[in-house]
Amino acid sequence: MSIKSFGAKLFAKYISSQVESWSSQPEQTQLKVFKNLIKEGRRTKFGQDHNFDKIETFKDFFDNVPIQDYEELKPYVDRVVDGEKDVLWPGKPLYFAKTSGTTSGAKYIPLTKESIPNHTNAARNAILSYIEETGNSSFVDGKMIFLQGSPELEEKNGIYFGRLSGIVAHFIPAYLQKNRLPSWKTNSIDDWNEKIDAIVEETYDQDMTIISGIPSWVQTYFEKLHQKTGKTIGELFPNLQLFIYGGVNYEPYRSKFENLIGKSVDSIELYPASEGFFAFQDSRKEEGMLLQLDSGMFYEFIKADEFFDENPDILTIGEVEVGVNYVMVISTNAGLWRYNVGDTVMFTDTKPYRLKVSGRIKHFTSAFGEHVIAQEVEKSIIQASEEFNVQINEFTVAPQITPKEGLPYHEWFIEFQKEPNDFEAFADRIDKLLQEQNSYYKDLVKGNMLRTLVITNVPKNGFQEYMKSVGKLGGQNKVPRLSNDRKIAQELEKQI
């Protein structure tokens, strides 16, 4: 065992004891975070505008600060971008993470001196939790690749702007820098197809032990490695031990990955976002990811089916239940206050609090009152694919309200790696699995309001071409699993 490997085991034991300390006291931990946020918030323009000097309890906070999304917080963000101090958080942020907005173009999410450790430590702690649980630390001696955005940053009014993954690249610990790939020069390439090609050239003959990135882009990387060498990933990287991912559910990709690798590789799931690093998989034995309760973020939860009500119930961490779909609202030490992230989550455990991402509150299909969510479509296609020996590259679902003939239906746009022998039987099986999970959808099908779903076969790289056409190719961007309209469907139809 190397010195680095031995040191990793000792550090893993120390960090795991810290995680156990705060995760075993969830309500006390969140109360401490809340009090600190309010204390710091009183020193800001936002705090002055929202009576922070009178806030002592959760209810005071809820009464004085409205739930808001980026559009509603944008006037304050614009003031910070223009160089004003003490607006959302004391002083100025160190960085703005630039991300894609839906209605206002680019969004700028502040990152402060206090919030940066949340983004940098969570992924580290996920790896250390894996080491502590499995006893395996040998991979720390190999090469590690992180498919991420460019680390090149722009400066304006004393604040640096860039993609979150590029900003985080500036905080890779020195002891990992020698092992880390790709090179800074390659990582700075903006064009994602060009970047992947350069990464292949830099890494195909290296001893890779950890690979991290969004599954769709890692899949592209694996395919290009295979095209170059004619070998499986397992043959190229015999010591590959860990795949680390976040942003999307890995399960629809797992079969394809294992085929490309040629063996099963352990995986660790992360829940990162520009607004905060919310959770990480702390155990391979338990379902879900451990919610980061001590990382400068205060959480509120609203049942998804009540979210658009005039006065929905606001729940804190001690009040949530397993198996319920919640919208997650956050307040952070980066100056986001009662901010609707847009994600829906479902707790898998409360001792400690583990959750999984179930979808997006704006990404659902309910054109007919069925309110189908991402978790339901993903579970259906995963099980059907296993039963029919099918491999999926990517997919999305949209309603077809006005078909040329027959009843309306859900249209599933699927890019296959390995197609089913019987498309009709495959579609029927997905449909039945979806009905088993969603009673509203089942009632609509059984009541002849909807017909069985229809599969539209998307050509190879069709989804990449779509993402390129809307300016969201690469980085942390991902294809929405569901839409309540046909905007994405219409763009994909141009690829067919």
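Is Arg354 buried or exposed? Select Arg354 and show its surface: the residue is buried, with a relative accessible area of 7%. Buried here means under 20% relative accessible area, exposed means over 50%, and partly exposed is in between, with a 1.4 Å probe and protein chains only.

Before going on, note that this is a predicted model, in which local features need pLDDT of at least 70, side-chain atom pairs count only at pLDDT 80 or more, and totals for chains, interfaces and linings use all residues. Residues are numbered from 1 along each chain as its sequence is written, and side-chain values use heavy atoms, with hydrogens and water left out.

**Stop 1: Arg354 and the turn into its strand**

Arg354 belongs to strand β15, residues 353-360. Helices (H or I, at least four residues) and strands (E, at least two) are DSSP runs, numbered from the N terminus. Now display what surrounds Arg354. Not counting residues up to four places away in sequence, Arg354 touches Asp282, Ser283, Glu286, Glu287, Gly288, Met289, Leu290, Met346, Phe347, Thr348 and Asp349. Contact means heavy atoms within 4.5 Å.

Step back to Pro352, in the loop between β14 (339-350) and β15. The peptide bond from Lys351 to Pro352 is cis, with omega near 0 degrees.

**Stop 2: a second cis bond, and Lys178**

Select Leu181 and Pro182. The peptide bond that joins Leu181 to Pro182 is also cis, with omega near 0 degrees. Pro182 sits in the loop between β6 (180-181) and α9 (184-187).

Next pick Lys178, in the loop between α8 (174-177) and β6. With 73% relative accessibility, Lys178 counts as exposed. Draw a distance from its C-alpha to that of Gly142: the two residues are 36 apart along the chain, and the atoms are separated by 9.7 Å.

**Stop 3: aromatic rings**

Colour Phe, Tyr and Trp. How many aromatic pairs does a search of the whole structure find? The search gives 38. Rings of Phe, Tyr and Trp (its six-membered ring) pair if their centres lie within 6.5 Å; planes under 30 degrees apart count as stacked, over 60 as edge-to-face and the rest as tilted. Take Tyr245 and Tyr250 as an example: their ring centres are 5.0 Å apart and their planes are at 40 degrees, so the pair is tilted. Tyr245 counts as buried at 5% relative accessibility, and Tyr250 is buried too, with a relative accessible area of 3%.

Then select Phe34, Phe46, Phe52, Phe58, Phe61, Phe62, Tyr76, Trp89, Phe298 and Trp337, which ring pairs link into a cluster. Add Arg338, which lies over the face of Phe61, 6.0 Å from the ring centre. A charge sits over a ring if NZ of Lys or CZ of Arg is within 6 Å of the ring centre and within 35 degrees of the ring normal. Elsewhere, the charged end of Arg451 sits over the ring of Tyr409, 5.3 Å from its centre.

**Stop 4: two crossing helices**

Show helix α1 (residues 3-23) and helix α6 (residues 116-134), whose axes come within 8 Å and cross at roughly 105 degrees. Axes are lines fitted to C-alpha atoms, for helices over the stretch in contact, and angles run from 0 to 180 degrees between N-to-C directions. The crossing makes α1 roughly perpendicular to α6, a term for angles of 65 to 115 degrees. On the α1 side, select Ala8, Lys9, Phe11, Ala12, Lys13, Ile15 and Ser16; on the α6 side, Arg124, Asn125, Leu128, Ser129, Ile131 and Glu132.

**Stop 5: two buried loop residues**

Select Leu240, in the loop between α12 (233-236) and β8 (242-246). At 5% relative accessibility, Leu240 is classed as buried. Beyond its neighbours within four places in sequence, Leu240 contacts Met208, Thr209, Ile210, Ile211, Ile233, Lys263 and Val265.

Move to Pro93, in the loop between α5 (70-81) and β1 (95-100). Pro93 is buried, with a relative accessible area of 8%. Its contacts, leaving aside neighbours within four places in sequence, are Val80, Pro110, Leu111, Thr112 and Ile159.

**Stop 6: two asparagines with positive phi**

Finish with Asn51, in the loop between α3 (45-49) and α4 (58-64). Asn51 is not a glycine, yet has a positive phi of about 60 degrees. Asn157, in the loop between β4 (154-156) and β5 (159-162), has a positive phi of about 55 degrees. Asn51 is partly exposed, with a relative accessible area of 30%, and Asn157 counts as partly exposed at 34%.

Methods
Parallel < 35°, antiparallel > 145°, perpendicular 65-115°, else oblique.
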